Amino acid sequence: RFQIFNIYDRRPLIDVPYFILASLFKTNLFYHYFVNFIILFLTSCVFYLVIKKSFPTHTWLALPIALVFIIYPLDFTKTWLVHIHAHLVLLLDLLVIFLLLEYKQNGKSWKLILANVLFIISLLIYEAGLGIVLMVAFLMLFDSGTSRVHKIRLITATLFTGIFYILWRAYLQPVIFNLQDAYLDQFNTSIITIARRYIIGLIYVPYSWVRPLAQFLGPSKFIVLGATGFTLIALTIGLLPRIIKSAKASVSFYWADRVIVLKSLLMVFLIGFLTWAAGYFPAIGLKGPSLDGNSTRNNLFASAGASIMLVSSISLLVALKVKTYKEISRKTILLIIPFVILGVVFQLWSQNQRFISWEDQKFIWNRTIEIAPDLQDGSNVGIIIPGYKDLEYFQILPFTWRWDARNAIRLLYNNQTLEAFYYYLDRDVGFLNQIPDEIEWSKTILIYVDPRNNSSHILSQPEKIRLLDDTTTGYNPELLISDF
C-alpha cells in the first residue's frame, strides 16, 4: 500500500512514483520498466542540454559526456524498479539546474519559480540531489555573466530552499513532529572520515572501468593494476615535455590559442570534480562510495560529475596533441567510443546477474508457498539459504535487506501481519546477515531453501543452525500452517 503524502515520513513523497505506476499498470512489469527507460532517456537528454548550456564554447562536449554518463560503471542500478524514485529525482534535479541556467540567461522569473517547485518536490521524494543543485546555485553567485539582481534572487530562492530543507530534516521533523530518523543518528560529520570516503570515491572514478575485468587477474590483480597504472602515469609525465614542445612549435594551432582552450577545458574538469563531489552530499555522511551490487546506487548522482571529469581529461590530452582546434572534438569522441562500448558490456553483464538473482528469489518463494500455502496471522517466516559464500563479480544476493523478505511475503500472502527474515548459512554474520534477536519462536517457521540444488524443507531442529542455542523454546511450525 502506498501513501501519496505522509508528513511523518522523512521522505513524504517517496511513494508517489510507485503509487502512480501501481494505479496505472498494476503488476504489469513491462510498463514499469518502460516508464523507467523513459525516465533514463529523458535524464540523458536533459543532462545533454545542461552541458551544452554550461559550456557554450565547447558544446561538442555534451554528446560524449551524456553517453558516458548513462553507462558509467559507477552505478549498476539504473534498470532496478525499486530505484525509480531515485531516477525520477535525478531527472527533476537536472531540470532544476537547466531552468536555473535558463533563468541566468534571460531572467524570466517563472523559470526560477518552477525550478524551486521542482526542487522542493525532488527533496520530498529523495534528498540525494541536494548537493548538485546547491553547488550549481552557489557557482552562479561567482559567475560574472549573472546580474546582481539575479544572484540575489538565486540566494533567496534556491539556496534558501536547500538550507530550509536541511533544517527541516535535522531539526523540525525530529523536534516538532517527533519523527525518529535513524539516518540522523548514523550521520558522521568527522572531517577525517568524510575525507577518507571522498578519497576512496575518487579512486573509484577510474578504477570502475577496470574492476570487472580485474577478477580474471586472480590474487595478484592489485599488483598488476597498480603497476599498469603507475607505468601509464610515468609514461604520460615522461612524454609530456616532448608533447608540449611539439605543440608550441605548431603553426596551424598557435600556442597562445591552445593555452586558452586548455584553460577552458581545465575549468570544465574542475566543475566536473565539484559536481562529482556534490553528488555524494548528503549521503557521504552516512556511507562511502561503493562498487558492490546494490550499494552502487550511492554513486548515481556522482556519476554525472565523473562523466564530465573523464571526457574533459581526455579532451585535455587531445588538445595538447592535435594540429588544429577542430580535431579536438572529433578525436575526443573517437577515444570515448571504447569507453561507451565497455560501459554497455558492464551494464548488460550486471543486468544478467540481476536476472539470475531474481530467478533464485522466485524459486525461494515458490518453494515457500508450496511448503506453507497458508500461514496464520502474525507468523514469522525465516528463509535459511546455503551457499553464496564467494560471489562472482556483479552477482547479487536474492535478499539484501530484511524488508526485501518482509514486503515480499506480505504481498504474496496478501497479509500485512506477516513477518519474514533471511539468513545465509555460509556467509559471515553481520548487520545484513543475522537472525533477529526479537524472535517469538511460537510464531516462527524456518524454511531451508537451496536454489542451486533445487531442495527445500522445513527445519525441525532450528537449534542446529549456527548462532542458535536452546533459546528456541516453543518452536512448532506445524501449528502455523493450515494445511501442513
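Is Phe47 buried or exposed, and at what relative accessibility? I looked this up before anything else, and I found that Phe47 counts as buried because its relative accessibility is 3%, which is under the 20% cut-off. I note here that the model is predicted, and I keep this in mind for every entry that follows.

**Entry: aromatic pairs**

I searched the whole structure for aromatic pairs and found 18 of them. One of these is the pair of Phe47 and Phe69, which is tilted, with 4.7 Å from centre to centre and 50 degrees between the planes. I then checked where the two residues sit, and the pair turns out to link distant parts of the chain, with Phe47 in helix α2 and Phe69 in helix α3 (residues 62-71), 22 residues apart. Phe69 is buried as well, since its relative accessible area is 1%.

My next look-up was the pair of Phe253 and Tyr325, whose ring centres are 6.4 Å apart and whose planes stand at 80 degrees, so this pair is edge-to-face. This pair also links distant parts of the chain, because Phe253 lies in the loop between α11 (221-248) and α12 (255-278), while Tyr325 lies in the loop between α13 (302-321) and α14 (326-371), 72 residues apart by sequence. Phe253 counts as buried at 5% relative accessibility, whereas Tyr325, at 32%, counts as partly exposed. I also wrote down one aromatic cluster, which is formed by Trp365, Tyr388, Phe399, Tyr422 and Tyr424.

**Entry: salt bridges**

How many salt bridges does a search of the whole structure find? I counted on the search for this, and it gave 10. I took Glu419 and Arg410 as one example, whose side chains meet in a salt bridge with 2.6 Å from N to O. Here Glu419 is partly exposed, with a relative accessible area of 26%, while Arg410 counts as buried at 17%. Salt bridges that share partners also join Arg11, Glu127 and Arg169 into one network.

Within that network I looked at Arg11, which forms a salt bridge with Glu127, and the closest N and O atoms of the two are 2.8 Å apart. The pair links distant parts of the chain, with Arg11 in the segment before α1 (16-25) and Glu127 in the loop between α5 (109-125) and α6 (130-140), 116 residues apart. Both Arg11 and Glu127 are buried.

I added the bridge between Asp75 and Lys78, where the closest N and O atoms are 3.3 Å apart. Asp75 is buried, with a relative accessible area of 0%, and Lys78 counts as buried too, at 5% relative accessibility.

**Entry: helices α4 and α2**

I turned to helix α4 (residues 84-106), which has 23 residues and reaches 33 Å from its first C-alpha to its last, close to the 33 Å expected at 1.5 Å a residue. Of its 23 residues, 18 are buried, so α4 is largely enclosed by the rest of the structure. Just after this helix, I saw that Gly107 takes a positive phi of about 70 degrees.

On the surface I found a nonpolar patch of about 710 Å², made by Phe30, Tyr31, Phe34, Phe37, Ile38, Phe41 and Leu42. Of these I looked up Leu42, which lies in helix α2 (residues 29-54) and counts as partly exposed at 39% relative accessibility.

**Entry: strand β3 and its partners**

My last look-up was strand β3 (residues 444-450), which runs antiparallel to strand β4 (residues 455-458) and is joined to it by 4 bridges. Val449 stands opposite Ser456 in β4, and Ile447 stands opposite Ile458 in β4. The hairpin of β3 and β4 has 4 residues between the strands, and in this hairpin Asn454 takes a positive phi near 55 degrees.

With strand β1 (residues 380-385), β3 pairs in the parallel sense over 5 bridges, and I noted that Val381 stands opposite Ile445 in β3.

Why is β3 described as largely enclosed by the rest of the structure? I found that 7 of its 7 residues are buried, and the description follows from this. Both faces of β3 are covered, with Thr444, Leu446, Tyr448 and Asp450 buried on one side and Ile445, Ile447 and Val449 buried on the other.

Conventions
Residues numbered from 1 in each chain as written. Heavy atoms only, no water. Salt bridge = Lys/Arg side-chain N within 4 Å of Asp/Glu carboxyl O. Buried < 20%, exposed > 50% of the residue type's maximum accessible area, 1.4 Å probe, protein only. Expected span 1.5 Å × (residues − 1). Patch = residues over 30% accessible without salt bridge, like charges linked within 9 Å, V, L, I, M, F, W, Y side chains within 5 Å. Areas by Shrake-Rupley, 256 points an atom, 1.4 Å probe, with all protein chains shown as cover. Pairing = 2+ DSSP bridges. Phe/Tyr/Trp six-rings, centres within 6.5 Å; stacked < 30°, edge-to-face > 60°.
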